[in-house]
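Thanks for coming. I have one model to go through today, and I will keep to what can be computed from it. Please have the viewer open.

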Amino acid sequence: MPPTFPLNADLHCHSTVSDGWLTPSDLVQRAAANGVELLALTDHDEIAGIGEAVATARLCGIGFVPGVEISVTFLDETIHVVGLNIDPDHPVLLEGLRQVRSGREERARQMSEALDAIGIHDVLEGARQFARNPALVGRAHFARHLVAIGLMPDVATVFRHYLARGKPGYVPHVWARLEDAVGWIRAAGGIAVMAHPGRYHLAASDMNALFDRFVDHGGEAVEVVSGAHTAAEVQRFASVARRRGLLASRASDFHGGDESPVDLGRGDPLPPDLVPVWSRFPELARIRDRS
Ligand code: AMP
Ligand code: MN
Ligand code: MN
Ligand code: MN
């Protein structure tokens, strides 16, 4: 059997600990029902859901890898770096994530004020109602509240009109530095993965610079198959993985509700010549023994 045998791996998704709709336990059960064999929970800037997810994965008999998705600012653009196979108790990682989260409260207040200035009043409390984790109020929670009050038909439309960069409810924010995010992941024994690079508004030269810096700092993998990628973007980042010798990840970036184009475990397989990031996980041996 080849070391990584075909595997339904989904290595990026969100629970109620950040901006997903399902609890960690419900998320893992849905993944198992969908045939996922190896799942990573990667909440934004937070690992608090991992304990529950590990326990449920054990009950469901699927493989599980602890993860996180860290918000980073690079060249004025928000970049997401996923950490996989991290030690969720590592103090360096925990302190880094605490710092990243600490800016969210003030940002949420500013978003509320920005919306207030264009006549959309008193939305902070409403957004908070959608955030099960009070330390992690984000744009998705504002978007859900604006849909709930009937302002817009769906979350994607809210982002287009109000919350995307350059729109009136968008508040620029400085997240972690790229080298710090990668450093925290590595300190915690994890593999740093460039999340959904197809989503970044970067010119080709800046995208190159992003990958140069990412690799310099110890980044090792890229999401090739992502729920956020078109077929052309899958090809583009498969080429990046080949050219740079990066490991490849496969990810739905599932959030639940009606917000995710790809359900857990339902993305395309990786191009077969790429080296899957899960070839580096000890968890792989356990799954292979079971199968
Ligand atoms: P934040 O970290 O608060 O800036 O929120 C980022 C999150 O907002 C992403 O992880 C997605 O869940 C959501 N999001 C960003 N852009 C969009 C979009 N265009 N449509 C729907 N959801 C989006
Ligand atoms: Mn999200
Ligand atoms: Mn992301
Ligand atoms: Mn995500």
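I will start with the conventions, then take the overall fold, the metal sites, one histidine and two loop residues.

This is a predicted model, so local features need pLDDT of at least 70 and side-chain atom pairs count only at pLDDT 80 or more, while totals for chains, interfaces and linings use all residues. Residues are numbered from 1 along each chain as its sequence is written, chains are lettered from A and ligands numbered from 1 in the order in which they are written, and side-chain values use heavy atoms, with hydrogens and water left out.

First, the overall fold. The chain has 11 helices and 7 strands; these are DSSP runs numbered from the N terminus, with helices being H or I of at least four residues and strands E of at least two. Its radius of gyration is 18 Å, close to the 19 Å that the globule rule gives for 291 residues, so the chain is as compact as a globular protein of that length. That radius is taken over C-alpha atoms, and the rule is 2.2 Å times the number of residues to the power 0.38. The C-alpha trace spans about 60 × 45 × 40 Å along its principal axes.

Of the 291 residues, 56% are buried. Buried means under 20% relative accessible area, exposed over 50%, and partly exposed in between, with a 1.4 Å probe and protein chains only. The chain exposes about 12,400 Å², and carbon and sulfur atoms supply 52% of that; the areas come from the Shrake-Rupley method with a 1.4 Å probe, and for residues only the protein chains shown count as cover. Taking contacts between residues at least 6 apart in sequence, 73% join residues at least 24 apart, where contact means heavy atoms within 4.5 Å.

Now the metals. Donors here are N, O and S atoms within 2.8 Å of the metal (3.2 Å for Na, K and Ca), and water is not among the atoms, so sites may look incomplete.

Which residues hold the manganese ion that is ligand 4? Its protein donors are H12 (NE2), H14 (NE2), E69 (OE) and D253 (OD), at 2.1 to 2.3 Å. Along the chain they follow the spacing H-x1-H-x54-E-x183-D. Within that set, H14 and E69 link distant parts of the chain: H14 is in the loop between strand 1 (9–10) and helix 1 (24–33), and E69 is in strand 3 (residues 63–74), 55 residues apart. H14 is buried, with a relative accessible area of 0%, and E69 is buried at 1%.

E69 also appears at the manganese ion that is ligand 3, whose protein donors are E69 (OE), H80 (ND1) and H196 (NE2), 2.1 to 2.2 Å away. The sequence spacing there is E-x10-H-x115-H. E69 in strand 3 and H80 in strand 4 are 11 residues apart, and both are buried.

At the manganese ion that is ligand 2, the protein donors are two OD atoms of D19, with H44 (NE2) and H255 (NE2), lying 2.2 to 2.6 Å from the metal. The spacing is D-x24-H-x210-H. D19, in the loop between strand 1 and helix 1, and H44, in the loop between strand 2 (38–41) and helix 2 (50–60), are 25 residues apart. D19 is buried at 13% relative accessible area, and H44 is buried at 9%. As for spacing between metals, ligand 2 lies 4.7 Å from ligand 4 and 5.7 Å from ligand 3.

Next, H229, in the loop between strand 6 (221–226) and helix 10 (231–244). Is H229 buried or exposed? At 12% relative accessibility, H229 counts as buried. Its side chain reaches the backbone nitrogen of G198 at 3.0 Å, and a polar atom of that side chain lies 2.9 Å from the backbone oxygen of V224. Beyond its neighbours within four places in sequence, H229 contacts residues including H196, P197, R199 and F237. H196 is the residue already listed as a donor to ligand 3.

Last, two backbone points. D76, in the loop between strand 3 and strand 4 (77–84), has a positive phi of about 70° although it is not a glycine. D76 is exposed, at 65% relative accessibility. D122 lies in the loop between helix 4 (104–117) and helix 5 (124–130), with a positive phi near 55° in a residue other than glycine. D122 is exposed at 69%.

Conventions:
A polar contact is a pair of N or O atoms within 3.5 Å; within protein, one must be able to donate a hydrogen and the other to accept it, and residues adjacent in sequence count only if both atoms are side-chain atoms.
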